[in-house]
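Thanks for coming. I have one structure to go through today, and I will keep to the packing and the surface. Please have it open in front of you.

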Amino acid sequence: MRKIGKIIGYLLGVGAGILMFIYWIIAISNWLGPNGIILAIVLAPTVAIFPFIFWIVEGTFPTSYFILWVISILGLIIVEICSKDELNNNKKL
């Protein structure tokens with residue numbers, strides 16, 4: 001059962017992260033033109049704060065981006081919870 005939880009958690013975390021990266025590239029290219037795509041790839045780590053950047057630049061609250069952000073965090077929490085027993089079992093051996 002823990003393996004299924006880890007798989008679901010990874011799918012949620014990675015899937016939401018990939019979607020957020022795609023939205024990041026689209027938004028930066030809309031703001032800065034074709035050079036924005038290159039800049040978006042170079043500044044890829046800022047995807048983690050993309051909802052806040054979008055909020056500041058556009059002036060509207062990006063609900064869908066924050067939902068994706070929360071889903072990715074929940075996926076990572078699920079993975080952590082499902083991995084705790086494996087870590088404890090390895091220490092006992």
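I will start with the core, go on to the aromatic rings, and finish with a few single residues and a patch on the surface. One thing to keep in mind is that this is a predicted model.

First, the core. The largest nonpolar core has 12 residues. They are Ala-16, Met-20, Trp-24, Ile-25, Ala-27, Ile-28, Ala-40, Val-47, Phe-50, Phe-54, Tyr-65 and Leu-68. Helices α1, α3 and α4 each supply at least two residues of this core. Which helix gives the largest share? That is α1, with six residues. As general background, nonpolar side chains in soluble globular proteins tend to be buried together.

One member of that core deserves a closer look, and that is Phe-50. Is Phe-50 buried or exposed? Its relative accessibility is 0%, so Phe-50 counts as buried, the limit being under 20%. Leaving aside neighbours within four places in sequence, Phe-50 is in contact with Met-20, Tyr-23, Trp-24, Ala-27, Trp-31 and Tyr-65.

Now the rings. A pair of aromatic rings is described by the distance of the centres and the angle of the planes. The count here comes to 12 aromatic pairs. One of them is Phe-50 with Tyr-65, a tilted pair at 4.8 Å centre to centre and 55° between the planes. This pair links distant parts of the chain, with Phe-50 in helix α3 (residues 50–58) and Tyr-65 in helix α4 (residues 63–92), 15 residues apart. Tyr-65 has 13% relative accessibility and therefore counts as buried.

Another pair is Phe-52 with Phe-66. How are these two rings arranged? They are edge-to-face, 5.1 Å centre to centre, with 85° between the planes. Again distant parts of the chain are linked: Phe-52 is in helix α3, Phe-66 is in helix α4, and they are 14 residues apart. Phe-52, at 34% relative accessibility, counts as partly exposed, while Phe-66, at 12%, counts as buried.

Ring pairs also build a cluster out of Tyr-23, Trp-24, Trp-31, Phe-50, Phe-54 and Tyr-65.

Next, some single residues in helix α4. Thr-63 is found in this helix and is partly exposed, at 44% relative accessibility. Thr-63 and Pro-51 are 12 residues apart in sequence, and their C-alpha atoms are 8.5 Å apart in space.

Further along α4 we come to Ser-72. Ser-72 has a relative accessible area of 15%, so this residue is buried. Outside its neighbours within four places in sequence, Ser-72 is in contact with Leu-12, Gly-13 and Ala-16.

Gly-75 lies in α4 too, and is buried, with a relative accessible area of 0%. What does Gly-75 touch, once neighbours within four places in sequence are left aside? The contacts are Gly-9, Leu-12 and Gly-13. Asn-30, by contrast, is 45 residues from Gly-75 in sequence and 29 Å away in space, C-alpha to C-alpha.

Last, the surface. Tyr-10, Val-14, Ile-18, Leu-19, Ile-22, Tyr-23 and Ile-26 form a nonpolar patch there, with about 610 Å² of accessible area together. Ile-18 has its place in helix α1 (residues 2–32). At 49% relative accessibility, Ile-18 counts as partly exposed, because exposed would need over 50%. Tyr-23 belongs to this patch and also to the ring cluster I mentioned.

That is the end of the tour.

Methods: Residues are numbered from 1 along each chain as its sequence is written. This is a predicted model: local features need pLDDT of at least 70, side-chain atom pairs count only at pLDDT 80 or more; totals for chains, interfaces and linings use all residues. Side-chain values use heavy atoms; hydrogens and water are left out. Patches are made of residues with over 30% relative accessible area and no salt bridge: like charges are joined within 9 Å, nonpolar side chains (Val, Leu, Ile, Met, Phe, Trp, Tyr) within 5 Å. Accessible areas come from the Shrake-Rupley method with a 1.4 Å probe; for residues, only the protein chains shown count as cover. A salt bridge is a side-chain nitrogen of Lys or Arg within 4 Å of a carboxyl oxygen of Asp or Glu. Helices (H or I, at least four residues) and strands (E, at least two) are DSSP runs, numbered from the N terminus. Buried means under 20% relative accessible area, exposed over 50%, partly exposed in between (1.4 Å probe, protein chains only). Rings of Phe, Tyr and Trp (its six-membered ring) pair if their centres lie within 6.5 Å; planes under 30 degrees apart count as stacked, over 60 as edge-to-face and the rest as tilted. Contact means heavy atoms within 4.5 Å. A nonpolar core is a set of buried Ala, Val, Leu, Ile, Met, Phe, Trp, Tyr and Cys residues joined through side-chain atoms within 4.5 Å.
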